[in-house]
Number of protein chains: 2
Amino acid sequence: MTSVDRRPLGVFDSGVGGLTVLRSLRARLPDESIVYLGDTARVPYGTKSAGVVTRYAQLNAAFLTSLDVKLLVVACNTASAVALPALRATLSVPVVGVIEPGARAAAARTRTGVVGVLGTPGTIRSGAYQRALAAERSGLTVHARACPLFVPLAEEGWLTGDVPRLIARSYLEPLLGHGMDTVVLGCTHYPLLRGVLQEVLGADVALVDSGDATAEAVSQVLAAGKAGTAGPGGRTERFYVTDIPDRFVDVSARFLGTPVSDAQQVDLAVG
Amino acid sequence: MTSVDRRPLGVFDSGVGGLTVLRSLRARLPDESIVYLGDTARVPYGTKSAGVVTRYAQLNAAFLTSLDVKLLVVACNTASAVALPALRATLSVPVVGVIEPGARAAAARTRTGVVGVLGTPGTIRSGAYQRALAAERSGLTVHARACPLFVPLAEEGWLTGDVPRLIARSYLEPLLGHGMDTVVLGCTHYPLLRGVLQEVLGADVALVDSGDATAEAVSQVLAAGKAGTAGPGGRTERFYVTDIPDRFVDVSARFLGTPVSDAQQVDLAVG
């Protein structure tokens with residue numbers, strides 16, 4: 001039996017993408033309060049180096065722990081790929097990234113043993129998914145592919161039609177014809193492009209959304225007693241961003257399903 | 001007659017884009033030494049707010065003035081659009097942005113009086129080109145258009161073929177058929193897409209590169225005695241970046257014509 005702990009879950013991402021993870025957390029853990037931080041002054045992380053992303057991740061984590069969160073969700077694949085060891089070394093609360101849960105779900109799902117991973121250049125270059133998949137199940141064949149144009153496409157809301165289809169084809173065609181039956185959407189922006197990705201990959205390929213897998217992992221951490229659960233009633237959500245909130249609020253509904261009504265700007269002054 | 005001043009010109013941009021301006025400076029002012037700073041830890045600026053971009057611009061300017069530059073070139077349209085007054089208020093050296101020179105060149109060029117401006121969301125939203133064109137010549141009709149996908153396309157080197165052509169068509173078709181004979185490339189990345197832009201706009205539309213116009217403006221500031229000129233011999237170039245230099249060095253030749261052989265990482269710690 002777990003104790004009651006009404007402190008919020010802390011969730012950060014480089015910007016709006018992590019709202020797809022928040023959406024999964026809402027659905028899986030409907031009683032838990034959430035504090036979300038989008039580092040919109042420094043977005044994107046996916047094209048930046050491991051050192052710089054780790055520094056930004058530490059600033060984000062310090063801000064969220066200052067708000068007394070009981071668990072930290074790194075809702076950004078690039079930051080999960082490069083910064084988890086540094087965060088776990090310095091924080092006293094449990095830290096859950098999106099990569100291990102996504103890899104676990106994909107390894108459990110594939111029948112052919114051939115898995116695709118799509119992500120930012122930073123995530124793919126890190127090899128984090130490749131390592132996590134190998135740790136989950138030996139003998140998997142992994143085809144990893146960096147898709148740098150997908151983030152700006154999702155940010156701009158250019159989700160259907162010839163342009164995203166052509167870009168997706170260009171990235172994915174080298175991966176086809178190798179028996180791949182499962183593809184990890186290894187960036188929180190990519191679920192928005194699910195339609196065009198499914199069309200290019202074919203209807204029989206399963207798309208694994210790391211957000212859903214991460215919400216399940218958070219649920220297991222709470223159930224294991226590593227942090228208490230909130231119990232019903234009194235749930236809250238708060239949103240913080242590092243640039244002015246206008247654009248974040250404007251595009252939030254596309255990622256979250258419902259619009260964020262209010263987000264507060266904070267200045268993480270050292271960066 | 002101007003005095004001799006062998007101190008370098010300082011040039012900054014959010015990343016690699018300003019190298020197209022540096023290329024123009026090299027050609028127009030072959031004796032002047034240059035120190036270049038690319039703020040690759042915080043790129044891009046074009047999708048961020050005026051306040052955040054101004055803060056980053058001030059950090060960049062402070063770093064370059066610490067290296068004793070005699071003149072500052074803001075080789076980034078977004079920073080030029082929003083941060084010039086703040087920079088001029090605090091710096092003792094002349095500050096040259098890319099927008100006034102680009103607007104002046106376009107106003108002098110157009111015969112029909114109908115001018116197009118392409119830029120990042122930040123630049124277009126600021127209205128800086130629209131104001132600068134109106135100040136140069138009354139009665140101009142200006143069609144301004146934000147083209148957010150052009151920067152990632154140029155950064156990824158995706159410069160030809162169906163994808164950039166389709167994206168360019170999508171952005172530019174609303175601008176066609178209004179008698180526009182001159183278009184300002186209001187972002188330092190866009191000269192890389194010149195081929196596809198010329199194809200979509202038509203061969204009779206003049207494309208104005210703000211980099212060339214800015215180099216001419218810098219030359220005039222030096223000739224006017226606001227800073228001395230270097231005179232022949234002893235020219236140097238130094239490159240600094242705020243993220244690790246690998247990617248900057250890798251893609252530099254695409255923007256500069258010749259590769260940057262060495263760039264040094266600096267930590268602009270307050271951001």
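**Two chains, two domains, and a parallel sheet**

Let me begin in chain B, where β5(B) and strand β7 of chain B, residues 182–186, pair in the parallel sense over five bridges. Before going further I should say that this is a predicted model, and that everything I describe should be heard with that in mind.

Within that pairing, the residue that stands opposite G116(B) is V183(B) in β7(B). Strand β5 of chain B, which covers residues 114–119, has another partner as well, since six bridges join β5(B) to strand β6 of chain B, residues 141–146, and these two strands also run parallel. Along that second pairing, V115(B) has V142(B) as its bridge partner in β6(B), and further on L118(B) stands opposite R145(B), again in β6(B). How much of β5 of chain B is buried? The strand is mostly covered, with five of its six residues counted as buried.

If we now step back to the whole sheet of chain B, we find an open arrangement of four strands in the order β6-β5-β7-β8, with parallel pairing. The strands at the edges are β6 and β8 of chain B, the latter being residues 206–209, and each of them has a single partner strand, so one side of each is left without a neighbour in the sheet. On average, and ignoring direction, neighbouring strands of this sheet are turned by 25° against each other. Helix α10 of chain B, residues 210–223, packs on the sheet and touches β7 and β8 of chain B, with its direction making about 50° with that of β8(B).

Let me turn to chain A. There, too, an open sheet of four strands has the order β6-β5-β7-β8, with parallel pairing, and its edge strands are β6, residues 141–146, and β8, residues 206–209, each of which pairs on one side only. Strand β5 of chain A, residues 114–119, is joined to strand β7 of chain A, residues 182–186, by five bridges, the two running parallel, and in that pairing G119(A) has G186(A) as its bridge partner in β7(A). Lying across β5, β6 and β7 of chain A is helix α6, residues 128–136, which runs at about 160° to β6(A).

The next topic is the division of chain A into domains. Domain 1 takes in residues 9–97 together with 212–265, while domain 2 takes in residues 100–210. The C-alpha centres of these two domains of chain A lie 22 Å apart, and 26 residues of domain 1 are in contact with 24 residues of domain 2. On the domain 1 side, the elements that give two or more residues are α1 (19–28), α2 (50–66), α3 (77–90), α10 (210–223) and α11 (246–256) of chain A. Which of them provides the largest share? That is α10(A), with five residues. By residue type, this side of domain 1 divides into 12 nonpolar, nine polar and five charged residues.

Staying with domain 1 for a moment, I would draw your attention to α1(A), in which L19(A), T20(A), V21(A), L22(A), S24(A) and L25(A) are buried. What covers these buried residues of α1(A) includes the strands β1 (9–13), β2 (34–38) and β3 (71–74) of chain A, along with the helices α10 and α11 of chain A.

Finally, I come to the relation between the two chains. A rotation of 180°, with 0.0 Å of shift along its axis, superposes chain B on chain A with an RMSD of 0.0 Å, and that is the relation of a two-fold axis. The same surface serves both copies, in that 100% of the contact residues of chain B recur in chain A. The contact itself takes 20 residues from chain B and 20 residues from chain A. On the chain B side, α2 (50–66), α7 (150–156) and α8 (162–172) of chain B each supply at least two residues, and α8(B) gives the most, with five residues. The residues of this side of chain B divide into 11 nonpolar, four polar and five charged.

Conventions: Residues numbered from 1 in each chain as written. Chains lettered and ligands numbered in written order. Predicted model: local features only at pLDDT ≥ 70, side-chain atom pairs only at ≥ 80, totals over all residues. Domains from an automatic or database assignment. Contact = placed C-beta atoms within 7 Å. Nonpolar A, V, L, I, M, F, W, Y, C, P; charged D, E, K, R; others polar. Buried ≥ 20, exposed ≤ 12 C-beta atoms within 10 Å, placed from the backbone. Pairing = 2+ DSSP bridges. Least-squares fit on C-alpha atoms with pLDDT ≥ 70 in both. Axes fitted to C-alpha atoms, helices over the stretch in contact; angles between N-to-C directions.
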